Structures are given as structure tokens and as C-alpha cells.
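Thanks for coming. I will go through a few places in this structure, one at a time, and keep to what can be read from the model.

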Amino acid sequence: MTPRNTHDGIRAILSPRSVAFIGASEDRAKWGGLLQSLLAKFKYAGAVYPVNPKASTIQGLTAYANIRDVPGPVDLAVISITVDGVEQALRDCAAAGVRAAMIVTAQFAETGAEGAAKQARVVAVAEETGIAMIGPNCMGVLNANENLALLNSTALLEYFDTIPRGRIGVASQSGAIVGAMIARAGHIGAGFSSCATLGNQAALQICDFFDYLVDDPATDVICLYMEGAESIDRLFSIARRARAAGKPVLITKAGRTPQGERAVASHTASLAGSYDAFVARCREAGILVQTDALQMLLTAQALQSYPLPRVDGVALFSGSGGAGALGTDALADHGLTMPELGADTRQALAAFVTEANQQLPYDMGAVMAGPGKGRADVIEASLEPVVRDPAVGMCLYIMTPQGHMSGIAQLFTELGRRHGKPCLVVNSASGITEAMRLRLIELGVPFFPSVQEALVTVKDLLRAAHYQAPQDAVLPPLPAGVEAVAASLPQGMLSEEDAKRLLAAAGIPVAQGELAADAEQAARIAQAMGYPVVMKVVADGITHKSDMGGVKLDLADAAAVREAFARIEAAAARVPGARFEGCLVQPMIQGDVELMVGTVHDEQFGPFVLVGTGGTLVELLKDTQLLPAPASPRAIEQALRGLRFFPLLDGYRGREKADIPAIARIVHQVSVLAATLGPRLAELDINPLRVQGSRAVAADARARWVA
């Protein structure tokens with residue numbers, strides 16, 4: 001189907017003027033009975049046609065023996081009959097001019113080869129006849145704006161009198177996840193434009209609905225739950241379109257843990273799993289990746305309720321000193337910072353609190369205990385200076401049980417709107433906060449039941465704000481010598497010498513060395529090179545040299561060189577299958593800091609560059625940032641600043657400050673190398689990249705080459 005026809009088909013599914021139920025039933029325990037009853041419960045205004053050859057009426061409506069007998073045009077047929085009858089039912093739909101079909105029947109491809117063959121025949125009918133098909137094995141759809149509830153949800157069936165209406169569009173490969181989101185929506189005040197569950201995705205795919213939601217005028221925020229997509233490139237292309245349209249996109253993806261070990265020849269390959277690669281590509285496309293679908297709903301509601309923050313500072317308000325202290329710790333755990341309040345702000349606060357309390361976290365308990373406690377004008381006047389402080393981008397009020405909670409929550413929310421800043425209220429004391437929760441929902445902002453959920457949302461709002469800046473990565477040409485070196489490289493794991501030849505050809509500074517076949521030759525090379533020197537094992541079958549004792553540092557004289565050579569040779573002899581060739585002698589490169597820079601080519605997501613803490617503990621510390629290649633120097637600088645290790649680069653405790661732009665240029669050049677060489681450069685590690693001030697040199701390197 002063309003995109004235009006696909007949109008028309010989805011429109012027939014989500015906004016049908018008429019619905020027929022093939023498999024209609026009086027029994028509301030059956031799909032055909034349940035879904036028809038939901039249309040009646042929520043007062044769907046379109047025509048409804050039950051189809052069942054064994055009944056004359058169903059749920060008070062005339063029933064028809066076959067879809068071909070229905071007197072009016074049918075936009076959507078809901079098929080809930082036995083699996084072997086679906087193919088013919090779809091042919092009957094085509095003969096009746098039905099525009100779309102939703103197949104809730106299961107026992108298709110999810111059951112094995114026989115079911116897959118049945119599914120293929122059904123898909124063939126849909127493609128042949130032009131019927132837009134969702135499913136099979138799906139739990140349904142809803143459109144809140146048209147009172148269309150065709151989704152098996154306990155919340156809709158038993159607890160809601162109206163469909164939670166809002167501007168969040170959902171497409172999901174799981175029906176149960178959407179059911180849980182609908183149940184949560186009523187509690188936190190979220191609402192939907194439409195929801196679609198995809199089932200087996202035999203015809204219409206998650207990207208089809210994603211694409212539709214980008215163009216849907218009723219949708220402002222898009223939520224996706226996915227386990228996979230038929231085209232990852234299409235997913236990210238649509239995400240960029242959504243970003244251009246000003247619609248935030250959130251994804252919760254199953255399968256975060258590795259499905260088996262990847263090659264461990266390079267640190268980068270073991271650190272950059274396929275999920276990490278997916279997240280890095282999402283970050284580039286402006287997608288907010290979530291780890292929980294219910295948290296995703298909270299963040300989505302916040303994105304449609306609040307403006308994005310203009311600065312990163314988070315002002316924390318609390319109802320008590322203890323709550324403020326715990327909130328401060330939690331803020332730090334999420335990598336969020338509280339700013340210093342300006343002099344004008346502190347002066348304004350002097351009318352309400354002592355000098356010791358004129359700071360963040362701001363203890364509202366001190367205000368409530370002071371003169372005029374409980375008066376709305378006093379509370380407002382004591383909150384506003386902090387909210388309007390230029391260093392404050394957003395505010396979070398951790399409200400402990402206290403008087404006037406609903407009024408304070410409303411006042412705090414309205415102050416945020418007045419100054420164009422998100423102001424979130426959280427209170428987990430659900431037994432006594434029901435009035436406050438309902439008041440926030442009336443105000444059109446989410447209720448946060450826990451500090452952790454609120455802080456994840458705060459972080460997501462900041463990420464969304466940062467995504468507004470366009471990416472500027474380009475793929476400049478590499479020096480001409482790179483392809484000449486590449487043509488000479490052998491298949492498989494490269495020696496350090498070959499890996500460094502490739503890096504040097506790309507303009508990346510490397511520590512040069514010379515191979516010594518025996519201890520005496522090593523001593524002569526070291527003497528000519530100048531002490532101190534480093535010596536490293538060179539042997540087929542040995543990749544991680546440090547792990548087996550194959551690296552000796554800071555050798556100061558010939559005797560130390562000879563002794564080190566003997567120890568390295570003996571260590572190599574203990575490695576099964578290793579073939580010792582000698583030792584590489586190179587100058588001892590001094591540096592205050594060790595970084596690791598690596599590349600990996602993911603079969604699904606393409607080339608990536610990784611930068612992080614280097615040395616022998618790189619996989620233990622896992623202090624790294626992964627970016628799609630090529631990565632711009634600006635994006636790399638931002639990634640460097642996101643490392644826990646960054647203070648060491650920034651002059652921690654008197655260290656010489658590193659030249660961050662110079663490091664970013666080196667990492668950028670490595671990323672260009674990865675993007676240009678593509679899958680031929682399967683993996684590359686520079687570890688360590690020794691950094692001292694404005695100087696950075698690749699002291700060691702290894703790579704895997706696929707000729």
C-alpha cells in the first residue's frame with residue numbers, strides 16, 4: 001500500500017463510520033460480545049452491524065448471516081471467529097466493499113509453521129483485495145475523540161464511564177501493555193487521542209501507525225511500545241519527521257538485555273550491545289527511550305502539559321527538611337542539579353525565611369511555620385521568587401502531608417504557567433491526597449505518585465529540551481592514504497602495528513613502536529629510542545595483552561628491558577595456541593588521564609563510536625558514551641561531559657585541564673573512519689588514549705578487519 005492508501009486504511013480502523021462484528025455474540029465473555037458492548041457503553045455514534053448466521057438479533061441490534069448481507073457500507077469489520085474461517089470471512093469482506101479489517105482471532109503465526117501458513121493466506125487476501133488489515137491476534141483499538149472503544153480492557157469494561165481523552169497517541173506491539181496504560185491514565189490524569197495494538201503485524205506494522213500519528217491533528221505526543229520493527233531506518237526517518245512537526249516521541253522497547261554474547265575481541269563490542277546501539281540511534285533522532293511503559297505515559301502527559309525548560313537547573317521544594325534532604329540525594333542519583341539562587345531571589349525570600357533557609361532545597365515547612373502561615377498570599381509570595389529565578393529551569397515540589405495541599409498544588413502549578421516553567425507536584429501519601437490529585441487533573445497536569453517517577457520525568461523533559469538543537473554531524477572525506485592502508489590489511493584481528501597504521505593514515509596521533517625479536521634487540525631499540533619505554537607482547541592468539549601479563553610499563557634501563565622481555569615471553573608461552581613473535585618497544589607516553597575510544601559496526605544499526613574511561617578496568621567501570629558515527633565534535637564534547645570521569649579531564653584537584661575540543665576532534669576523526677570504512681572495520685579499540693593538557697596520543701590499539 002502507498003503511504004496515502006495506508007493512512008486511509010488506518011483512518012478506517014481508527015475513525016470508522018460503521019463497524020461490523022463477524023463473530024458477534026450475546027455473550028460478553030466472548031470477543032465478539034465484549035467489543036460490541038463497549039461501543040454501546042461509550043455511545044459510539046456510528047452504525048453497528050452484528051454478523052452471526054445463528055441469530056436474528058444480538059445485543060438489541062439486527063444480526064446478519066453474512067457481511068455481504070449488511071445493508072449499509074462498512075468501514076471496519078472486526079473478525080473474531082475460529083482461525084480456519086478467517087480467510088473466507090476476509091474474502092466476504094472484500095465482496096461487501098469493506099475498507100478495513102481488525103482480526104482479533106489468534107492461533108496464527110504465533111503458534112508455529114501451520115499457523116504461519118494460514119496467516120500468509122490471510123495476508124495474501126488482504127493485499128489482493130486492498131483491505132487494510134490490523135492483526136491477527138491483536139487486542140484492538142480505541143479512538144477517544146469518537147467514543148470508539150474496540151479494545152479488550154478491564155479498565156474500560158469495569159471502571160471507566162468515559163474513555164480517557166487527551167492528545168497522546170499510542171501504537172503498541174502488546175495489547176496488555178496498552179490495557180495497563182489505559183488503567184494508569186485515569187489515576188494520573190493522562191488521556192489518549194487513539195491507541196492501536198498490532199498483534200502479529202501481519203499487514204499493517206507499527207511504523208505505519210507511527211507515520212499516521214505524526215500527521216494526526218488530534219495527537220500531540222506519540223508513545224510506542226515495540227519489540228522490533230520491519231525497518232529500523234524507516235522508524236528513525238519517521239521520528240525525524242515527528243521532530244520536525246514538533247511532536248515528541250517516546251519508545252519503550254523490550255529486549256534490553258543481551259541475547260547472547262557478542263564478540264569479545266574488543267572492549268567496544270562487549271560494551272555496545274544492540275540495545276545500547278538502538279538507544280544511541282534514538283537519541284540522535286530525538287526519541288525519548290523509556291524502560292517502563294507506565295512511566296512513559298507519565299512523561300508523555302508531562303510533555304503535553306508543560307513547556308520545555310529553558311535551562312537545566314531544578315529547584316526542589318519540600319514540605320519538610322527531611323523530604324528535602326532525601327529529594328536532594330535522589331536528584332543527584334539521576335544526574336540532576338540544583339542551581340545557586342541569585343542575590344535578588346535571596347533578598348526576596350528574606351521576608352519569609354531566615355538566611356539559612358534562603359537556598360535550595362527550599363523548605364516550605366519553614367514558611368508555613370512563620371508569620372501568616374497558611375495564607376494563600378503568603379505562600380504564593382514565598383514561592384514565586386524561586387520559580388522566577390533565571391537559573392531555575394523547572395521546579396519540583398515534594399509535598400509531605402500538610403494542610404491546604406490542594407490549594408498549594410494549584411497555586412504552584414499556576415505559578416509555573418505564569419513564568420513558563422514546568423512545576424511538578426509529587427505526593428505518595430495517596431490516602432489523604434485524593435482531593436489534590438483530582439485538582440491537578442482538573443488543571444490538566446499529571447499527578448506524580450512517587451519522587452522517582454517525577455525525577456525520571458524531569459530528566460526526560462530536560463532531554464526533550466536538549467533534542468531541540470539540530471545535529472550537525474557530516475561525513476568529511478578521509479585522507480587518501482586510508483584506502484591504501486585498508487587495501488593492505490589482513491582478514492581478522494589486526495596487530496597493534498597494523499591498527500596504528502590505519503589510525504595514523506586517518507590523521508590520528510599514535511605512539512610509534514618497533515618490533516624486537518629477542519631481549520638484546522629490545523635493549524638496543526630502547527637505547528636508541530630513549531628511556532623510559534613500554535614493552536608489549538606481539539603474538540598471534542593474544543588480544544587482551546594486559547590480562548596475560550604482556551605489557552610492561554616505565555622501563556628505565558637495559559636491564560629492566562631484558563628482564564621484562566623474558567617475563568613477557570614466558571607469559572605468552574602459557575597462553576594456549578599463542579605464537580610469540582616478539583615485543584613491541586615504544587616510548588613511554590606520559591598522560592594525566594586515560595580514555596578509551598572505540599568503534600563497532602552493528603549489523604542492524606550501523607557504525608558507532610564509543611568514548612569513555614580507559615585502562616584495564618574499562619568493562620568493570622562501564623563509564624562510556626555511545627554515539628552513531630559519524631558524530632559531530634559538538635555531540636562528542638557533550639558526551640565527554642556526561643562521563644563520571646569528566647572531572648579528571650576538567651582539572652580535578654590541580655590536574656592540568658585537558659583540551660576538550662582537541663579530544664573531541666580525535667574522536668570525531670575515529671567516527672569518520674568507522675562511518676567511511678563501514679562493516680569492513682568491524683571493531684576498533686584505542687585503549688588507552690593518553691591525554692595530557694592539549695596532547696592526546698593513541699598508546700595502544702587493536703581492530704578486527706573484514707576484508
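Helix 6 passes helix 11 in a right-handed crossing. Keep in mind that this is a predicted model. Two packed helices are described by the angle between their axes and the distance between the axes. For helix 6, residues 175-188, and helix 11, residues 293-305, the angle is about 45° and the axes are 9 Å apart. That angle makes helix 6 oblique to helix 11. Which residues of the two helices meet? From helix 6 there are Ile177, Ala180, Met181, Arg184, Ala185 and Ile188. Facing them in helix 11 are Ala293, Leu294, Gln295, Met296, Leu297 and Leu298. By class, this contact of helix 6 with helix 11 has 10 nonpolar residues, 1 polar and 1 charged.

The next pair is helix 8 and helix 10. Their axes are 9 Å apart and the packing angle is about 30°. Roughly parallel means an angle under 35 degrees, so helix 8 counts as roughly parallel to helix 10. The crossing of helix 8 over helix 10 is right-handed. Helix 8 puts Asp233, Leu235, Phe236, Ala239 and Arg243 into the contact, and helix 10 puts in Phe278, Arg281, Cys282, Glu284 and Ala285. How many of the residues in this contact of helix 8 with helix 10 are charged? There are 4 charged residues, beside 6 nonpolar and no polar ones.

Two residues from that list come back when we turn to aromatic rings. The count of aromatic pairs in the model is 9. One of them is Phe236 with Phe278, whose ring centres are 6.2 Å apart and whose planes are at 45°, so the pair is tilted. Phe236 is in helix 8, residues 232-244, and Phe278 is in helix 10, residues 274-285, so the pair ties together parts that are 42 residues apart in sequence.

The third helix pair is helix 16, residues 405-419, with helix 17, residues 434-443. They pack at about 25°, and their axes are 8 Å apart. With that angle, helix 16 is roughly parallel to helix 17. Here too there is a right-handed crossing, helix 16 passing helix 17. On the side of helix 16, the contact is made by Met405, Ser406, Ala409, Gln410, Thr413, Glu414 and Arg417. On the side of helix 17, Ala435, Met436, Arg439, Leu440 and Leu443 take part. The contact of helix 16 with helix 17 divides into 6 nonpolar, 3 polar and 3 charged residues.

Now to the sheets. Strands of a sheet pair through backbone hydrogen bonds, either parallel or antiparallel. One open sheet has 5 strands in the order 2-1-5-6-7, with parallel pairing. Which strands are at its edges? They are strand 2, residues 47-51, and strand 7, residues 132-134, and each pairs on one side only. On average, neighbouring strands of this sheet are turned by 20° against each other, direction ignored. Inside the sheet, strand 5, residues 76-79, runs parallel to strand 6, residues 100-103, and 4 bridges join them. Take Leu76: its bridge partner in strand 6 is Ala100.

Another open sheet has 4 strands in the order 16-15-17-18, and its pairing is parallel. Strand 16, residues 362-363, and strand 18, residues 423-426, are the edge strands, each pairing on one side only. Strand 17, residues 394-398, runs parallel to strand 18, and the two are joined by 4 bridges. Ile398 stands opposite Val426 in strand 18. Helix 15, residues 376-388, packs on this sheet and touches strand 15, strand 16, strand 17 and strand 18. The direction of helix 15 makes about 160° with that of strand 15, residues 314-318.

Last, some backbone details in loops. The peptide bond from Tyr531 to Pro532 is cis, with omega near -5°. Where is Pro532? It lies in the loop between helix 21, 519-529, and strand 21, 533-540. The bond from Ala629 to Pro630 is also a cis peptide bond, and its omega is near 0°. Pro630 sits in the loop between strand 26, 624-628, and helix 24, 633-641. Finally, Gln59 has a positive phi of about 50° although it is not a glycine. Gln59 is in the loop between strand 3, 57-58, and strand 4, 61-62.

How values were computed: Residues numbered from 1 in each chain as written. Predicted model: local features only at pLDDT ≥ 70, side-chain atom pairs only at ≥ 80, totals over all residues. Heavy atoms only, no water. Axes fitted to C-alpha atoms, helices over the stretch in contact; angles between N-to-C directions. Parallel < 35°, antiparallel > 145°, perpendicular 65-115°, else oblique. Left-handed = near helix turned anticlockwise from the far one by under 90°. Contact = heavy atoms within 4.5 Å. Nonpolar A, V, L, I, M, F, W, Y, C, P; charged D, E, K, R; others polar. Pairing = 2+ DSSP bridges. Phe/Tyr/Trp six-rings, centres within 6.5 Å; stacked < 30°, edge-to-face > 60°.
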